[in-house]
Amino acid sequence: MPKHSIRAVTAAAALACLAAFVPLPSSASSASARTAGPGPAADGVDLSAYNTTENAADFADLRKALDIPRWDVHGYSYGSNLALTYRTVVGDAGYEPGPCPRTPEPVEVLKGARCGTLTVPENRARPTGRTIKLGVAIVPAASAAPKPDPIVWLAGGPGDDAVGEAKMAIDGGLNRDRDVIFMSQRGTYSAEPNVLCPGIDEFNARAVGLVYDAPSTERLHVEATKACRDQLAARGIDLSAYNDTESAADYDDLRTALGIARWNLYGISYGTHLALVSMRLHPHGLRSVGLDGILPPSRAGSAMTWSSARQGIDGLFKACADQPACNKRYPHLPATFDKLVRDLEAEPVTTTVTLPGSDKPVKVVLDGGALVNWMTSATHVASQVPVALYELAHGKPQRIARQWAGGKLSPQAMGRVAHGLVYGVFCSEWTPYESREEALRGGQEAFPSFPRSVQAQAPQLTFLRPDCDVWNVPAAAPSIRDVTRGDIPTLALSGGFDAQTGADNGPYVARTLSKAKVVTIPYEPHVVFATSKCAQQITVSFFDTPAAPKTECLNSLEPPEFEIAP
């Protein structure tokens, strides 16, 4: 008899038996599946959770908890409906070895990778609908005796392709003792189909020559977003299926398809958002989880980005103030920055710059909103920030203008981000659960001296609400905002200069994760694994011994040497 067949038969019979016990319209019997019991409302029971979808998910969780790769599902009466829903929830995923996923440029570390394709339903609520293909690359461990539990890299964004980030992970030594798995999240660059929309990237490049938060810029921005939506919808893409719930199921399906009992997750930036959702929805297959640049789903939105900007910027300014040479040359940096934002919002500055690799002049407009958004990214070049603000305050905007335009016009900014996934997450999981008033209040509390026009557009999320109005996807279930709880060993890493996902998110997620270790790497920007050898060492040691990562390197870290103008 084939392996697991006895347990499969038993499980199938158990599911079929539900028809005899689940209350039907003509029955008042009690149920062995989810039932609320007597007086459910009075007992605080969530009545909305007692339904066929949740019942089917319970049986899917049971199969995984018993470590049964596959079983047959049958039922009669109500059980036949439950059986159909079960197949919908679980989906019909399959993995096939094959060529490595395509990347914009060759990735050297993928040359020895084992690769293939995971096929999953586009929308698990529509079992007869289309399927999508997700590229997979498995970089083998450097050790001759690798550990059995691989590490899965969850990319940032949303919208970045994990396969394209393989060099970062491997250069940081993540594969020292374990295989590292990279999968193109649904819709990203090497997935089929992708939902890239390069037209939005082209508009963002043109927008460096526009007033950042002007109503006319908003109109053009929303038009580019709507054009993207229309193009994707015309290709038959189900825009409502590009979200964290489906993506988390994709990764769990990959684990099952590869026959891996347990693995580890390492998420960077938005990848931490997906990791926290996966911990809540699919905890059974997780040995440990690393979070780097933490974005909790329960607080994600405009207010959080404002708070993060405040923390990272303040950390950088304090580091300058603590160095006598920097403080003497650039005193009162917070006041200088605040004044520049107010002045530029009232009277934007226009300049022309050239960028590396081109002699073509680029027009750049700097207003208060553009300066704030530049600043949230400029912590990656922290040593230049004080001198750049000083130059701007003294009529020399070229350094900031060049950096601002360079980020938008670089080849890496064109045709690589899956905007369909960006808006799929933001517009179903964020904006439905944060009001305009809450978003504005976040800006007012973080930077009370800023003009209201700046406070109204959160950094990194400019014009998000009107964009989501035209994107027009249903809100995710309210549970998407639930706090992640549990005892999965978790490393919560943050950078002291992170102005995109503030360091306070580490202690925040650790409150409800009983085995979490919180580590802040001082003087580092967003995604510390990318820039800090110390962060890389801590991470690798965490996957070796999740209960006791080695953090001694923190004692030897030094602040940056800030550039001092003559």
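How many of the eight residues of strand β2 (residues 114–121) are buried? Six of them are, which leaves this strand mostly covered. Welcome to a quick tour of a predicted model, starting from β2 and moving out through its sheet, then on to the helices, the nonpolar cores and a glycine. Here is what to look for as you turn the structure around.

**Strand β2 and its partners**

- On one side, β2 meets strand β1 (residues 94–97), and the two run antiparallel, joined by four bridges.
- For a landmark in this pairing, look at Pro97, which stands opposite Gly116 in β2.
- Strand β3 (residues 131–139) also pairs with β2 in the antiparallel sense, here over eight bridges.
- Two bridge pairs help to locate this pairing: Leu118 has Leu134 of β3 as its partner, and Gly116 is matched with Val136 of β3.
- Gly116 is therefore a handy residue to click on, with Pro97 opposite it and Val136 as its bridge partner in β3.

**The sheet as a whole**

- These strands belong to an open sheet of nine strands with mixed pairing, in the order β1-β2-β3-β5-β4-β6-β7-β10-β11.
- The edges are taken by β1 and β11 (516–521); each has a single partner strand, so one side of each lacks a neighbour in the sheet.
- On average, and with direction ignored, neighbouring strands in this sheet are turned by 20° against each other.

**Helices packed on the sheet**

- Helix α7 (residues 244–257) packs on the sheet and touches β1, β2, β3, β4 (151–154), β5 (180–183) and β6 (263–268).
- The direction of α7 makes about 125° with that of β2.
- Helix α8 (residues 270–281) packs on the sheet too, touching β4, β6, β7 (286–292) and β10 (490–495).
- For α8, the direction makes about 150° with that of β7.

**The nonpolar cores**

- The largest nonpolar core holds 110 residues, and those touching the most other members are Trp263, Phe317, Phe337, Leu371, Trp374 and Leu389.
- Helix α9 (residues 302–321) supplies the largest share of this core, with eight residues.
- Another core, of 32 residues, lies apart from the largest one and includes Val163, Ala166, Val527 and Phe542.
- What does Trp374 contact, leaving aside its neighbours within four places in sequence? The list is Val385, Ala388, Leu389, Ile400, Gln403 and Trp404.

**Helices α9 and α11**

- Helix α11 (residues 333–346) packs against α9 at an angle of about 135°, and their axes are 9 Å apart.
- The two helices are therefore oblique to each other.
- On the α9 side the contact is made by Ile313, Phe317 and Cys320, and on the α11 side by Leu333, Pro334 and Phe337.
- Sorted by class, this contact has six nonpolar residues, no polar ones and no charged ones.

**A glycine worth a visit**

- Gly443 sits in helix α16 (residues 436–446).
- Is Gly443 buried or exposed? Its relative accessibility is 0%, so Gly443 counts as buried.
- Beyond its neighbours within four places in sequence, Gly443 is in contact with Trp306, Pro448 and Gln455.
- Gly443 and Gln455 are twelve residues apart along the chain, and their C-alpha atoms are separated by 4.6 Å.

Key: Residues numbered from 1 in each chain as written. Predicted model: local features only at pLDDT ≥ 70, side-chain atom pairs only at ≥ 80, totals over all residues. Heavy atoms only, no water. Core = buried A, V, L, I, M, F, W, Y, C linked by side-chain atoms within 4.5 Å. Buried < 20%, exposed > 50% of the residue type's maximum accessible area, 1.4 Å probe, protein only. Contact = heavy atoms within 4.5 Å. Pairing = 2+ DSSP bridges. Axes fitted to C-alpha atoms, helices over the stretch in contact; angles between N-to-C directions. Parallel < 35°, antiparallel > 145°, perpendicular 65-115°, else oblique. Nonpolar A, V, L, I, M, F, W, Y, C, P; charged D, E, K, R; others polar.
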